[in-house]
Amino acid sequence: VQPSSPPIAGSVLWLCPAVHFIITDFLTCRSHRMFPFLFCSKDFHFAMELVESLKNMQFSLDSKCVYHLAFVFCLVFTLLKIAKLFAERRKWIQVLRSFPGPPMHWLYGHVHEFRQDGTDLDKIIKWGESYPLAFPLWFGPFVSFLNIHHPEYVKTILASTEPKDDVAYKFLIPWIGDGLLISQGKKWFRHRRLLTPGFHYDVLKPYVALMADSTKIMLDKWETYANKDESFELFQHVSLMTLDSIMKCAFSCDTNCQIESGTNSYIKAVYELSYLINFRFRTFPYHSDTIFALSPHGYRFRKACRIAHRHTEEVVRKRKEALKEEKELGRIQKRRNLDFLDILLCARDEQQQGLSDEAIRAEVDTFMFEGHDTTASGVSWILYSLACNPEHQQRARNEVLQMLQGKDTLEWEDLSKIPYTTMCIKESLRLYPPVPGTSRKLTKPMTFFDGRSVPEGCLVGTSVYGIHRNSTVWENPEVFDPLRFLPENSAKRSPHAFVPFSAGPRNCIGQQFAMNEMKVAIALTLQRFQLEKDPERTPKLIPRLILRSLNGIHLKIKHVDLEP
């Protein structure tokens, strides 16, 4: 190109290799599920490197021409990305055509239907009544999920080891890392095998007394609310109790978090992270790592992550120091009961290879979050369910009092002696599942029992809340009826009709731990207090990683011995 050449001619000549590369990239049609003006960081870095290389080429062009070139390049790049996204959109509209669903907006999809006002889950139930088995949900113009809400469909997906989706779950990675919840393939299988011994009943057995101690601390604090006409918000109390329990049981660490003044920083960080991850998923420009990182919400997210990571790093650091002199689990066990962290740090595979420091922190972050927040949700909603159903509450209390016979704590053997209370717990988990939904991304085509199929790459969401309230599976699904879980009644249903802990190979590894803690907390609470709902403060359900209430969960309590 000669100096006298017009800028546009130079631009065209310079752009030929770049446009050829972009068109080649376009023809590969890699899946991009974002707004057209948001391209992934890999593409962004390539574009910037290409512009820099063009600037350094030995052509007689002035800086104005270079910037002109950059503008034209970015325009072509963006237009091709738009074309790619719309090609993907057409593909998934065609794929999901065999699954009728609610009408969608051309831009928002179904997102505008979810107003975060406590009615979102009701819409899922309403749509499920109109579209049996499964229906598509669109989050914006390019992200689609096949939402399934029937046991026979759920059975197909949960029987597989398909990984979690790469849209919503990826937002968790900066917080909990690539741990057991998110990892896939050989890494997931290896970690699952190494961690399973940490949930053997021999390990869980000593935890019962520790759970009882944490529950009693919480109930002692509740004495200030007893026998008053005012209700109090219980979720924050239960969250501290379950955090106290997980620290004592899994990490042999007594934090005194329930009796410290002020709000626990870790609990506060978990609330913040749950809100921000949910908000990011709903705000499509925030799907871009770059835009989110530069936003005020990204700053809040990083700050909350630092708080959560400091908490777990301190736990791991102290334990590593304590284990310097104790290299074998046998020696540790002589000194105290084994816990989850012992097994995590000392786990070895067939090649005597343990987990890396990064993997250990990811698993600790994962179990710290899932081991306290999901259980806190479960306990809180169980207490609310019992408060709303005093006849079932009293029957469960009578069973607990008979089992305890004046004791103020529970032992491992006691957990099997409260069958009616256990049925009440399961019925509450049906109505208020702590994890209201999960999602997977298929790595191979999948065919369901009715012959309909979806291809590789499809995002499949499992609506646990929808399955548990499916009127074709459960008679009077909105009614609290613990007798549904009598053995003879359960035998009549599909085992995939009740999946609060998921099912199949990727089920919740800590479900026995969680059930034990819920039994202990509910039994000791019923022994001491009568629960009453506050009719003026009905909870507004909202899914934010776990099932929470937009306005809290408020109850009134009275001492059992003061009942009329």
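Two strands are taken to pair when DSSP finds at least two bridges between them, and strand 1 and strand 2 of this predicted model meet that condition, with six bridges joining them in an antiparallel arrangement. Within this pairing, Phe 135 has Asn 147 of strand 2 as its bridge partner. The two strands form a hairpin with three residues between them, and in that hairpin Gly 140 takes a positive phi near 85°. Strand 2 also pairs with strand 7, here in the parallel sense and over three bridges, and in this second pairing the bridge partner of Leu 146 is Val 460 in strand 7. Strands of a sheet pair through backbone hydrogen bonds, and they may do so in either the parallel or the antiparallel sense.

Before going further into this region, it helps to set out the chain as a whole. The chain has 21 helices and 11 strands, and of its 564 residues, 54% count as buried. Among the contacts in the chain with a separation of 6 or more, 76% are accounted for by residues that are 24 or more positions apart.

Strand 2 is a good place to look at burial in detail. Six of its six residues are buried, so strand 2 is largely enclosed by the rest of the structure. Both faces of the strand are covered, with Val 143, Phe 145 and Asn 147 buried on one side and Ser 144, Leu 146 and Ile 148 buried on the other. In the neighbouring strand of the hairpin, strand 1, lies Leu 137, which has a relative accessibility of 5% and therefore counts as buried, the cut-off being under 20%. Leaving aside its neighbours within four places in sequence, Leu 137 is in contact with Val 143, Ser 144, Phe 145 and Asn 147, and also with His 110, Phe 114, Ile 124 and Trp 127. The C-alpha atom of Leu 137 is separated by 8.3 Å from that of Met 104, although these two residues are 33 residues apart along the chain.

Two of the residues in contact with Leu 137, Ile 124 and Trp 127, are also among the buried residues of helix 4 (residues 120–130), together with Asp 120, Leu 121, Lys 123, Ile 125 and Gly 128. What covers these buried residues of helix 4 includes strand 1 (134–139), strand 2 (143–148) and strand 7 (459–463), as well as helix 19 (464–468), strand 9 (541–544) and strand 10 (546–549).

Strand 10 contains Arg 548, and this residue is buried because its relative accessible area, at 7%, falls under 20%. Apart from neighbours within four places in sequence, Arg 548 is in contact with Phe 235, Val 270, Tyr 271, Ser 274, Asp 373, Trp 381, Lys 540, Leu 541 and Ile 542.

A separate element to follow is an open sheet of three strands, which has the order 3-11-8 and antiparallel pairing. Strand 3 (232–233) and strand 8 (529–533) stand at the edges of this sheet with a single partner strand each, so that one side of each is left without a neighbour in the sheet. Strand 8 is joined to strand 11 (residues 554–559) by five bridges, and the two run antiparallel, with Lys 533 standing opposite Leu 555 in strand 11. Helix 21 (residues 511–528) packs on the sheet, where it touches both strand 8 and strand 11, and its direction makes about 95° with that of strand 8.

Helix 21 also packs with helix 18 (residues 419–431), at an angle of about 115° and with the axes 10 Å apart. The two helices are therefore roughly perpendicular to each other, and their crossing is right-handed. In this contact, Thr 421, Thr 422, Ile 425 and Leu 429 of helix 18 meet Met 515, Met 518, Lys 519 and Ile 522 of helix 21, a set that divides into five nonpolar, two polar and one charged residue.

A further helix pair is formed by helix 13 (residues 296–322) and helix 16 (residues 357–388), whose axes come within 10 Å and cross at roughly 120°. Helix 13 and helix 16 are therefore oblique to each other, and helix 13 passes helix 16 in a right-handed crossing. Helix 13 contributes Ala 308, His 309, His 311, Thr 312, Glu 313, Val 315, Val 316 and Lys 320 to the contact, while helix 16 contributes Asp 357, Ile 360, Arg 361, Val 364, Asp 365 and Met 368. By class, the contact of helix 13 with helix 16 has six nonpolar, three polar and five charged residues.

Methods
Residues are numbered from 1 along each chain as its sequence is written. This is a predicted model: local features need pLDDT of at least 70, side-chain atom pairs count only at pLDDT 80 or more; totals for chains, interfaces and linings use all residues. Side-chain values use heavy atoms; hydrogens and water are left out. Helices (H or I, at least four residues) and strands (E, at least two) are DSSP runs, numbered from the N terminus. Contact means heavy atoms within 4.5 Å. Axes are lines fitted to C-alpha atoms, for helices over the stretch in contact, and angles run from 0 to 180 degrees between N-to-C directions. Angles under 35 degrees count as roughly parallel, over 145 as roughly antiparallel, 65 to 115 as roughly perpendicular and the rest as oblique. A crossing is left-handed if the near helix is turned anticlockwise from the far one by less than a right angle, and right-handed if clockwise. Ala, Val, Leu, Ile, Met, Phe, Trp, Tyr, Cys and Pro count as nonpolar, Asp, Glu, Lys and Arg as charged, and the others, Gly among them, as polar. Buried means under 20% relative accessible area, exposed over 50%, partly exposed in between (1.4 Å probe, protein chains only).
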